[in-house]
Amino acid sequence: MPDLEQAARASVTARRAKKRSSVSMGLETFGSVGLALIVLVIWQFAVPLLGLSEFVLPTPWAIARRMVTDAPLLATHGWYTLLEVVAGFGAAVLAGVPLALAIFYSRVFERAVYPLLVALQTVPKISLAPLLVLYLGYGWGPKIGLAFLISFFPIVIATVVGLQSLDKALVNMVRSMGASERQTFFKLRLPAAMPSIFGGLKVAISLAVIGAIIGEYIAAERGLGYLQLQANQQFDTTLNFATVVSISLLGVLLYFGIVLLEGKVSYRKESAT
Amino acid sequence: MNTTPGNAQPPARSAAVSVTDVSKSYTVRAGEDVLALESVDLDIAPGTFVAVVGPSGCGKSTLLSLLAGLIPLTTGKLTIDGEDVVKPHPKSGVVFQSDLLLDWRSVLDNVLLPIEIKKLNRKVYIDRARELLAQVGLEGFADKFPSELSGGMRQRVAICRALIQEPGLLLMDEPFGALDALTREQMIMDLQTMWLRLRNTVLFITHGIDEAVFLADRVVVMSPRPGRVDLDLAIEIPRPRRWNEVHEDASFQRYVRQVRGIFEAKGVLVSH
């Protein structure tokens, strides 16, 4: 019997080995970076092979070259978008966290404001963009306003959920040491809620970028969204793609900024043991 | 400070506990009152180790929460060192059923949490914290985080946290209930060693008859619905007690039988 088992195992191993091509072995080693490189290489060579013009689909290499030559242009517009995102997101944090605290500590806020807030979350914030232009004009207002509106809700809700999900036994533990509510908040509630709050911040920062870009689509004279519309109108597809990549880079940069901050002020939540 | 093992003299800081005719009822959702404790009397002399044993629902944890100052009593009188317990008493330290360590704090910072909350000088207590950790076999773990520790180690840290201020009254709410049998046995022995050094007043809540009899000077037996004291048994076995030897001891077995007898008489344990 053991012989039979051994033989079966050997044949399985052999089959697996046969199936592993050099491509899949490379992917196992280099992971998503490897896959992305493969896609880019296929893209690069498919464009001339299919006879596509640069106007229809520029090659990745052309986009990369354009990003270098137009770096000052992209950086100037990117800077404005960055400021709008940071201002909108910052305002959302400054307003959202205190509101979440009010919802957590006050019955009135919990019963009256919170359900309304959750209901309002179903409004697609993007649809408010034209109204924001109407009320706030063509300057910073609508972009920051939209970035704020779109990132505000996830921050409030993540903070409330983080505060509410605390184990009551932990509160009793610090109270048994004679802790005041102020101490309970700073030593227990806030640090315990940090992983949830940062979960909200990560969602919110990505949304804030979308908010600012949509704001720029509606009415703007600067920013990456504006630049992309310009490229679109001029049939400059390469610049169009270069703007998309720049917007993505901006989002990734901000996201990792939050992750970096999280590493400094929050703890890594372990799964329950 | 008295820290010599085996010395029977309690240190002056050990607290006296007095529970007089205490009842506690909860209002449940239907608006009805449920009586968790009914006229409980319990006086504990300073430096006594009292174990309260009873089945779940007998109100023993309620009694501990009352003494910890976490919930208000309904009727009766409850004092620590003659002072009415209306809020957590500065002399008391609590060890809960689960370790309740803060995941974002190192082991050392968890042990020092009561010091921070009481706004005492951290530096003064760091050496004591390390010494306590060493006593429970965790000398190399001060800078580790709770997630890196086993269940038994975590509960040891929780005990160190409760002991950091040498509490005159140590309240323990089924502290070893969640541990495996071997770890539990070791923890019971370690607790005795630590207590013999400290000799403070201990109220130890448990449903384990053997650990109650092994550890305590007095075993208080409670029965449920409503919770009340059925038996108050003085345990006269010399210390230090050794787990294996004591289990073979005739008087130990007699104490255990006495407690079981109460449970059988009350229908908590049914012998077939």
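**Two chains, helices and a sheet**

Okay, let's start with a helix pair: where H4(A) and H7(A) cross, the crossing is right-handed. By class, that contact has 21 nonpolar, 5 polar and 2 charged residues. Before I go on, bear in mind that this is a predicted model. For anyone who likes geometry, two packed helices are described by the angle between their axes and the distance between the axes. Here H4 covers residues 71-105 of chain A and H7 covers residues 140-164 of chain A, and their axes come within 6 Å and cross at roughly 35 degrees.

Let me stay with chain A for a bit. What does its secondary structure come to? Chain A has 11 helices and 0 strands. So much for variety there: read along the sequence, you get α-α-α-α-α-α-α-α-α-α-α.

How about the overall dimensions? A compact globule of 273 residues would have a radius of gyration near 19 Å, but chain A comes out at 25 Å. Taken along the principal axes, the C-alpha atoms of chain A fill a box of roughly 75 × 70 × 30 Å. As for burial, 32% of the 273 residues of chain A count as buried. And if you take contacts in chain A between residues at least 6 apart in sequence, 75% join residues at least 24 apart.

One residue to click on while you have the model open: A:Thr69, which lies in helix H3, residues 60-69 of chain A. Is A:Thr69 buried or exposed? A:Thr69 counts as exposed, because there are 10 C-beta neighbours inside 10 Å, and the cut-off for exposed is 12 or fewer. If you want a distance to check, A:Thr69 and A:Ala219 are 150 residues apart in sequence and 27 Å apart in space, C-alpha to C-alpha.

Right, on to where the chains meet. The contact takes 15 residues from chain A and 16 residues from chain B. On the chain A side, the elements that give two or more residues are helix H8 (168-176) and helix H9 (181-218) of chain A. H8(A) brings the largest share of that side, 7 residues. Sorted by class, the chain A side divides into 8 nonpolar, 4 polar and 3 charged residues.

Now chain B. Its secondary structure comes to 9 helices and 10 strands. For 272 residues, a compact globule would have a radius of gyration near 19 Å, and chain B has 18 Å, so the two agree. The C-alpha trace of chain B spans about 50 × 45 × 35 Å along its principal axes, and 42% of the 272 residues of chain B count as buried. Among contacts in chain B with a separation of 6 or more, residues 24 or more positions apart account for 70%.

Let's look at the sheet. There is an open sheet of 6 strands in chain B, with the order S6-S7-S8-S3-S9-S10 and mixed pairing. Which strands sit at the edges? They are S6 (92-95) and S10 (228-234) of chain B, and each pairs on one side only. The twist averages 15 degrees from one strand to the next.

Strand S7(B) is worth a zoom. All 5 of the 5 residues of S7(B) are buried, so the strand is largely enclosed by the rest of the structure. In a regular strand the side chains alternate between the two faces of the sheet. Here B:Leu169, B:Leu171 and B:Asp173 point one way from S7(B), while B:Leu170 and B:Met172 point the other way.

S7(B) also has partners. S6(B) and S7(B) pair in the parallel sense over 4 bridges, with B:Gly93 bridged to B:Leu170 in S7(B). Then S7 (residues 169-173) and S8 (residues 201-206) of chain B pair in the parallel sense over 5 bridges. Across that pairing, B:Leu170 stands opposite B:Val202 in S8(B), and B:Met172 stands opposite B:Phe204 in S8(B).

Further along, S9(B) and S10(B) pair in the antiparallel sense over 6 bridges, with B:Arg218 opposite B:Ala234 in S10(B). These two strands form a hairpin with 4 residues between them, and B:Arg225 in the turn has a positive phi of about 50 degrees.

Last bit: the helices against the sheet. H1 (residues 60-67) of chain B lies across S3, S7, S8 and S9 of chain B, running at about 150 degrees to S8(B). H9 (residues 250-265) of chain B packs on the sheet too, touching S3, S9 and S10 of chain B, and its direction makes about 170 degrees with that of S10(B).

Notes. Residues are numbered from 1 along each chain as its sequence is written. Chains are lettered from A and ligands numbered from 1 in the order in which they are written. This is a predicted model: local features need pLDDT of at least 70, side-chain atom pairs count only at pLDDT 80 or more; totals for chains, interfaces and linings use all residues. Axes are lines fitted to C-alpha atoms, for helices over the stretch in contact, and angles run from 0 to 180 degrees between N-to-C directions. A crossing is left-handed if the near helix is turned anticlockwise from the far one by less than a right angle, and right-handed if clockwise. Ala, Val, Leu, Ile, Met, Phe, Trp, Tyr, Cys and Pro count as nonpolar, Asp, Glu, Lys and Arg as charged, and the others, Gly among them, as polar. Two strands pair if DSSP finds at least two bridges between them. Two residues are in contact if their C-beta atoms, placed from the backbone, lie within 7 Å. The radius of gyration is taken over C-alpha atoms; the globule rule is 2.2 Å times the number of residues to the power 0.38. A residue is buried if 20 or more other C-beta atoms lie within 10 Å of its own, exposed if 12 or fewer, and partly exposed in between; C-beta atoms are placed from the backbone.
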